[in-house]
Each structure stands twice: as structure tokens, then as C-alpha cells.
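Here's a quick briefing to keep beside you while you turn the model around on screen. Take a look at the structure first, then work through the points below.

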Amino acid sequence: MMLGAVLSASGGRVVPTPSTLERFEAVQPHMGTLARITVFTADAADARAAFTAGFDRIRALNATLSDYLPDSEINRITRTAVGVPVPVSADLFTVLRAAQDLSVATDGAFDITQGPVTRLWRDARKTRLAPDAAALSDAARRTGYRKLHLDDVTRSVAVDQPEMALDVGAIGKGHAASEALAAIAQLGVRSALVAISGDLAFSGAPPGQRGWRIRIHDGDLPDPRVPAVLHLTHAAVSTSGNSEQYLDVDGRRYSHVIDPATGLGLVDDITVTVVAPHGLEADGLDTALGVLGVERALALVESRRDAAALIVHRTKDGVRVVPSSRFVELARQ
Ligand code: ADP
Ligand code: MG
């Protein structure tokens, strides 16, 4: 790829011009799904270094944040911090702080302390049997974001009662995608994209392009303001909906997203796509907006300067397409 290339020296390091960059891609299983990293680098060795940095960051975050691993930091903390503040890692604290802020902003519609409830629904999706009502109400007694306390000064965490469980499944993948991207940027790579299933984070545009081509929907939406593809740089995009994980019971489809007010999976067919500067915000918001329902969701996203959202609500009467004003702006660019 050196054909006609102009190389310029900067600080003793040869910086390739965009025309000398090649596209490299790698896929690995992470966080219960597939993670894909795409980079534009001068050669395969630089790409390999970027893949290692990105995947290592995702693996480390998963070891901290996964509630599937009995001894992850997030699982240990609900055992050790009952009634006493316990210091946690910066990685865990960052995620818990973002989650709690979102709980306050949504009046508890977003709530990572729903762990005992989300576990019952996870089992239910495996057995294809609705969770037992008594078990659900027992689990609900061990939830509530006000029972989780964070101290920003000592970076410590406390919980109010035993047998609570934290589930950051709504926010962890988007966060990890942005963090992997940051690790790759530290190596000097300017154009990269990290995708952990539906959660994307990307930096500068691929060479010769005005942005990354991000497919927002399948192209069947009856709204001319909402193209199927956006061209974006330096952002994170997350999508939440019940298209992949759900449980069908007696003709109702329950999403893996829980309404904390009822302890039940959402039954409305709402798909939310959020564009924000960081995956922590994009992934948290997509889930939160889904629980809030269209009107409250739109109000919340309009109140956040950096975020844009597309809400698609399908009912038997048709499809309602609700883009936030910032989303319409992004689509025009
Ligand atoms: P996906 O995992 O498909 O990207 P989401 O980002 O919407 O989807 O995250 C869904 C996950 O969030 C659930 O599997 C569960 O772990 C968790 N969760 C479910 N309901 C809530 C809620 N009300 N608040 C916070 N997290 C939730
Ligand atoms: Mg989410």
C-alpha cells in the first residue's frame, strides 16, 4: 500500500498519510457475544497491536463487570459491602456512577439493582416458562437503586441488604466498546471501530470517507427524516430492543429489559437507537428510553445536549417513528 504514498516524519515517528492506510478486521468472542474491531493502519503489525489492546481492554472490563462470573468484582461487592462502604476499582466505580445517575434521571426506570429480577427472567428464557410470581416478588424485595450507595471521594460502594445483585448488562457492552476504542487510540490509530454486538464505538472516518457508515435500521421506516444509514465520526451508537432476547408466554412477548415498576419484561415493541459521545451514555440510555416509553423517553433525550435518539414503536396499528431533534440534525449532515 505504499504506491504513490507520501510519508511525513513527526517526532521521529513516520506518520502514514491516509492513502497509505489499509483496513484490517478481527473478531473474537467476548461478553457473551462477538466483538469486532476494524482499524485503518499502515500495516498488519500495527493492526495486530491495536487488536490486542482493544480485546485486552474488553476482557479486563468483563472480568470486573460480568455478573455471570461468580467472583467478578461486581458480584463480590454485593457480598462484602452489606452495610459497610468498600472501595472498588476505578473501572467498576465509573460504571456504577453512570448507572446511578441514570436511575435518578429516570426515576428508577433504569436500575442496575434489578439483578435478582433479571436473573429470574434469564432462567425463564432458558426454560421457556414464565418466572414464578412469588419468586418475582421475593426478588423485587432485594432491588431498588436507593439501596446502592456510592461515595465519590473514597470511591467506595455500600448496599443496604444481603442478597442484592447488580446487573450492568444494559450498559457494559457500550462502555467496553468505547474503552477498547480509547486503548486503540492510545497507540496512535486514528480510524477504528469497535462493535460488541449492537453496541458500536468509532473514531475518525476511514480514509477518503466522510464518516463510518452506520446502519440504523433495516430501511423499512416510513419517515423521510430517518435514513437507514448515518455517516458518523467520534461517537458511540447503541441499539436496544426485543428483537433478539425475549420470552413468549401466552401470546405475549416479554423483552429482556425489565420495567422495575412491575418486575416484568417490557411488552411494547420499542426499538431505541442512541448516538452519544461515549458508549457508557449511549448503551445506558437506549435501555432507559425503552423502559420510559415514547413520550418520557423523548423528553429525557432532548434534555441531554450530546445525545440523539431514534425511537421506533411498532403496534398492531402500524409503526411510529420518533427521532429526537439532534437525531434529525445528524441525519441531515
Ligand atoms: P442488549 O444487551 O441487547 O444490548 P440492552 O442494552 O437494552 O440490550 O441491555 C439489556 C440488559 O439490561 C438486560 O439483559 C439486563 O441485563 C439489563 N436490564 C434489564 N432491565 C433493566 C433496567 N430496567 N435497568 C437497567 N438494566 C436493565
Ligand atoms: Mg443498553
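What follows goes from the whole chain to its largest cavity and then to two single residues.

Keep in mind that this is a predicted model. The chain has 333 residues, and half of the story is on the inside: buried residues make up 50% of them. Its secondary structure comes to nine helices and 19 strands. With a radius of gyration of 21 Å, close to the 20 Å that the globule rule gives for 333 residues, the chain is as compact as a globular protein of that length.

**Overall build**
- Along its principal axes, the C-alpha trace spans about 70 × 50 × 35 Å.
- If you take the contacts between residues at least 6 apart in sequence, 58% of them join residues at least 24 apart.
- About 15900 Å² of the chain is exposed, and carbon and sulfur atoms supply 52% of that area.

**The cavity**
- Counting cavities of 30 Å³ or more turns up one.
- The largest cavity holds about 80 Å³ of space.
- Eleven residues line the largest cavity, and the closest to its centre are Ser240, Gly241, Ser255, Leu266 and Ile270.
- Two elements, β17 (269–276) and α7 (279–292), each give at least two residues to the lining of the largest cavity.
- By character, the lining of the largest cavity splits into four nonpolar, five polar and two charged residues.

**Arg142**
- Look for Arg142 in the loop that runs between α5 (133–140) and β6 (148–151).
- Setting aside neighbours within four places in sequence, Arg142 is in contact with Thr113, Pro116, Lys147, Gln161, Pro162, Glu163 and Met164.
- Arg57 sits 85 residues from Arg142 along the chain, and their C-alpha atoms are separated by 32 Å.

**Gly172**
- Gly172 belongs to helix α6, which covers residues 172–185.
- Is Gly172 buried or exposed? Its relative accessible area is 5%, and the cut-off for buried is under 20%, so Gly172 counts as buried.
- Leaving out neighbours within four places in sequence, Gly172 is in contact with Met31 and Asp283.
- Val294 is 122 residues away from Gly172 along the chain, with 24 Å between the two C-alpha atoms.

Conventions:
Residues are numbered from 1 along each chain as its sequence is written. Chains are lettered from A and ligands numbered from 1 in the order in which they are written. This is a predicted model: local features need pLDDT of at least 70, side-chain atom pairs count only at pLDDT 80 or more; totals for chains, interfaces and linings use all residues. Side-chain values use heavy atoms; hydrogens and water are left out. On a 1 Å grid over the protein atoms alone, a cavity is a set of points where a 1.4 Å probe fits but cannot get out, and a pocket is an open set with protein on both sides within 12 Å along at least five of seven lines; lining residues have an atom within 4 Å of a point. Grid points are joined across faces, edges and corners, and a volume is the space filled by probe spheres set on the points. Helices (H or I, at least four residues) and strands (E, at least two) are DSSP runs, numbered from the N terminus. Ala, Val, Leu, Ile, Met, Phe, Trp, Tyr, Cys and Pro count as nonpolar, Asp, Glu, Lys and Arg as charged, and the others, Gly among them, as polar. The radius of gyration is taken over C-alpha atoms; the globule rule is 2.2 Å times the number of residues to the power 0.38. Buried means under 20% relative accessible area, exposed over 50%, partly exposed in between (1.4 Å probe, protein chains only). Contact means heavy atoms within 4.5 Å. Accessible areas come from the Shrake-Rupley method with a 1.4 Å probe; for residues, only the protein chains shown count as cover.
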